[in-house]
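Morning, everyone. I have one model to go through today, starting with the sheet and ending with a pocket. Have a look at the structure while I get going.

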Amino acid sequence: TPAAIATSMRKPLKLLPNCLLLYRHTRPYTPTAANPVPAASAVLRDLDLLDAGELAPTPRVYHSFITACAQSKNLEDARKIHAHLASSRFAGDAFLDNSLIHLYCKCGSVLEARKVFDEMRRKDMVSWTSLIAGFAQNDMPAEAIGLLPGMLKGRFKPNGFTFASLLKAASAYADSGIGRQIHALAVKCGWHEDVYVGSALLDMYARCGKMDMATAVFDKLDSKNGVSWNALISGFARKGDGETALMAFAEMLRSGFEATHFTYSSVFSSIARLGALEQGKWVHAHVIKSRQKLTAFVGNTLLDMYAKSGSMIDARKVFDRVDNKDLVTWNTMLTAFAQYGLGKEAVSHFEEMRKSGVYLNQITFLCILTACSHGGLVKEGKRYFEMMKEYDLEPEIDHYVTVVALLGRAGLLNYALVFIFKMPMEPTAAVWGALLAACRMHRNAKVGQFAADHVFELDPDDTGPPVLLYNIYASTGQWDAAARVRRMMKTTGVKKEPACSWVELENSVHMFVANDDTHPRAEEIYKTWGEISKKIRKEGYVPDMDYVLLRVDDQEREANLQYHSEKLALAFALIEMPAGATIRIMKNIRICGDCHSAFKYISKAFGREVVVRDTNRFHHFSNGSCSCGDYW
C-alpha cells in the first residue's frame with residue numbers, strides 16, 4: 001500500500017504518484033459500502049502533493065480530482081482545481097476543459113462553465129453537449145437552446161445526449177413550437193427512433209400538454225423502456241386524464257415492465273384526482289407485492305390518494321408507516337385534516353410538526369390556516385397567522401384569502417372587512433370572493449353586494465360571484481334584487497354550472513344530475529329514495545326549504561329538494577352496495593345544505609358511513625353527525 005511504501009522508505013518517493021493515483025482516485029469511482037467516494041478535501045490535499053513535487057501531474061490525475069469534486073459538488077474546491085490546472089502545462093487541454101465544464105455544471109455554476117467553454121481554443125462535440133446539458137439541468141432552457149445555432153454553424157452534428165438535453169429545455173416552451181423544431185432536427189439527424197431520444201421527445205410533448213403527439217411518439221418507438229412508459233403515464237397524470245393514466249399503467253405491467261417509484265407516484269396522483277378508492281387499493285397492493293420500501297416520494301402521493309378518495313383511516317396509516325417523513329409528508333397529512341374539517345386534529349398535528357423540528361414553510365401555514373377556517377378555530381388561526389413572522393415567512397395573498405374566510409365563516413364580517421383594508425397589498429378578486437362566500441353563509445346582502453362589486457371589477461369573467469350574489473338575495477327574500485342579478489347574468493352570458501354527483505361501484509362510475517331519469521335503473525332509484533325519505537322523516541328529518549332559491553310555493557320547493565344529484569347517487573349506492581359498506585360520493589359543486597341534513601339522518605337510520613367529497617372539502621357522515629361539525 002502507499003502507507004507501507006512511505007513507512008519503509010521514511011520519506012516520500014517520486015514513484016508514489018502511480019500508487020496514490022490508483023489508491024485514491026481510480027478505485028473510488030466504483031463506490032461500495034467498503035470503498036466509498038473520497039471527500040473533496042482529500043483531493044485538495046493531493047493538490048498540495050502536486051505543488052510539493054511528490055505527485056507527478058498528468059491529465060489522468062487532474063481528471064480524477066475533477067471527478068471526485070463533481071461527486072461532492074463543492075464549488076470552492078472546483079475553483080481551486082481549475083486554478084491549479086490553469087497554471088499547469090495542461091492548461092487548454094480539450095479533454096480536461098470539457099471535464100471542467102461538466103464539473104461547474106454539477107456544482108450549479110453554469111456561468112463559470114460557460115466561461116471555460118468560451119475560452120477553449122478547440123471545442124468538440126463533448127464541449128457543446130456538456131454545456132447544453134448543464135444549462136438544461138440547471139433550469140436555464142433559453143441558454144441551452146441558444147447554443148444550438150452556434151453548434152450547427154460549427155458543423156457539429158447533435159448526438160443522442162445533445163437531443164435529450166435540448167428536448168428537456170424545450171419542454172419549458174409549450175406554445176412556442178421550439179420542441180417541434182428540435183423534433184424535426186432529430187428526424188433529419190436520424191436520432192428520433194433511438195429509445196432514449198424517443199423517451200425525451202415523449203416527455204417533452206407530455207410536459208407541454210400535447211398528449212396526442214406524446215402518444216404518437218410512444219407508439220412509433222421500436223423498443224420501449226421503463227423511461228418511456230413513465231413519461232407517458234406521468235404526462236396523462238399531469239394532464240388530469242387519470243383514467244388513461246391507469247390504463248397505460250395496466251398495459252405497462254402486461255408488457256412485462258416493472259413499475260418504479262416514479263410510476264407509482266404518477267398513478268397515485270391520477271387516482272387522487274379521480275377519487276377512485278378501489279383502484280387506489282389495487283395499485284397499493286401492487287406496491288406491497290413489489291416489496292419496494294415505502295419512501296416519502298411514493299408515500300406522499302399514496303397518503304394524498306387515500307385522503308382524497310375518502311379514506312382518512314388509511315391515510316393516517318400510510319403517514320405512520322412512511323420512512324423518513326419529509327416536509328411534504330407532514331403537509332399532506334395536515335391538508336387532509338383541513339379538508340375533512342378536523343380542525344383540532346390539524347392543530348395537534350401542526351404542534352407535533354413544530355416539536356419534531358421539521359422546517360415549516362408557507363404551504364404549512366396555509367394548510368393550518370385552512371384547517372382553522374374549516375373548523376371555526378378563529379383564535380388559533382389568528383395566532384398561527386402572526387406566528388409566520390417567527391419563522392421569517394412573509395404571508396402571501398393566499399394566506400390573506402384564508403384569514404378572510406376564517407373571519408367571515410365565523411360571522412365576523414366587519415372584522416374581515418377591516419382586515420382587508422389593512423392588507424399591505426392590494427386585495428385581489430380571491431380576497432373579495434372569500435368575503436362574498438361568507439356573506440352567502442350568513443345572508444348578509446349589504447356586505448355581499450359590496451364584496452361582489454369588487455370581484456366584478458377585478459375578475460369580470462368569473463362566473464361564480466354572480467351566482468353567489470343571486471343566492472344571497474334569493475335566500476333573504478329580496479326577489480327584485482335577485483331578478484336584477486339574474487338579468488345581469490343573462491346579459492353577460494353567465495351560466496350556473498349544473499350540479500352532478502357520481503359514485504364508483506365495481507370499477508364502474510355512475511353519474512347523476514338533479515331529477516335524473518336517464519339511468520337504466522331510474523325507476524328503482526326513485527322508489528328507493530322515496531322509502532329512504534319516509535324513514536328519515538320518522539327520525540326527525542325536515543326538508544330545509546331555504547335551500548330552494550326559486551320563487552315558488554312550499555309544495556314545489558319541497559319537491560325540488562327531493563331529487564338532488566347526491567341523493568340519487570346515495571339511493572343507488574344503498575341498492576347496490578352490501579350492508580355496512582362505506583358509501584363514497586363525489587360532487588362537482590358544494591353539497592346542498594338540505595342534503596347535508598338528510599345524510600346525517602341516513603347515516604344513523606341505515607347504520608352507514610357516508611363520505612361526500614365536493615369541490616371544497618370532505619364530509620364524513622357517521623351515526624347522525626358529520627366530521628365538519630355542521631361548520632361549513
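How many bridges join strand S4 to strand S5, and do the two strands run parallel or antiparallel? There are four bridges between S4, residues 610–613, and S5, residues 618–622, and the strands run antiparallel. Before the rest, the ground rules. This is a predicted model, in which local features need pLDDT of at least 70 and side-chain atom pairs count only at pLDDT 80 or more, while totals for chains, interfaces and linings use all residues. Residues are numbered from 1 along each chain as its sequence is written, and side-chain values use heavy atoms, with hydrogens and water left out.

On terms: helices (H or I, at least four residues) and strands (E, at least two) are DSSP runs, numbered from the N terminus. Two strands count as paired if DSSP finds at least two bridges between them.

Back to the sheet. S4 and S5 belong to an open sheet of six strands in the order S2-S1-S3-S4-S5-S6, with mixed pairing. Its edge strands, pairing on one side only, are S2 (508–513) and S6 (625–626). Within S4, Val611 has His620 in S5 as its bridge partner. Helix H34, residues 593–605, lies across S3 (583–587), S4, S5 and S6 and runs at about 35° to S5. That angle, from 0 to 180 degrees, is between N-to-C directions of axes fitted to C-alpha atoms, for helices over the stretch in contact; contact means heavy atoms within 4.5 Å.

At the other end, six bridges join S1, residues 500–505, to S2, again antiparallel. Leu505 stands opposite Ser508 in S2. The hairpin has two residues between the strands, and Glu506 there takes a positive phi near 50°.

Now the pocket. A pocket here is an open set of points on a 1 Å grid over the protein atoms alone, where a 1.4 Å probe fits, with protein on both sides within 12 Å along at least five of seven lines; lining residues have an atom within 4 Å of a point. The second largest one holds about 810 Å³, the volume being the space filled by probe spheres set on the points, which are joined across faces, edges and corners. It is lined by 32 residues, and the closest to its centre are Ala164, Lys168, Tyr196, Ala200 and Val227. Among the elements giving two or more residues to this lining are H11 (160–170) and H13 (195–207), and H13 gives the most, with seven.
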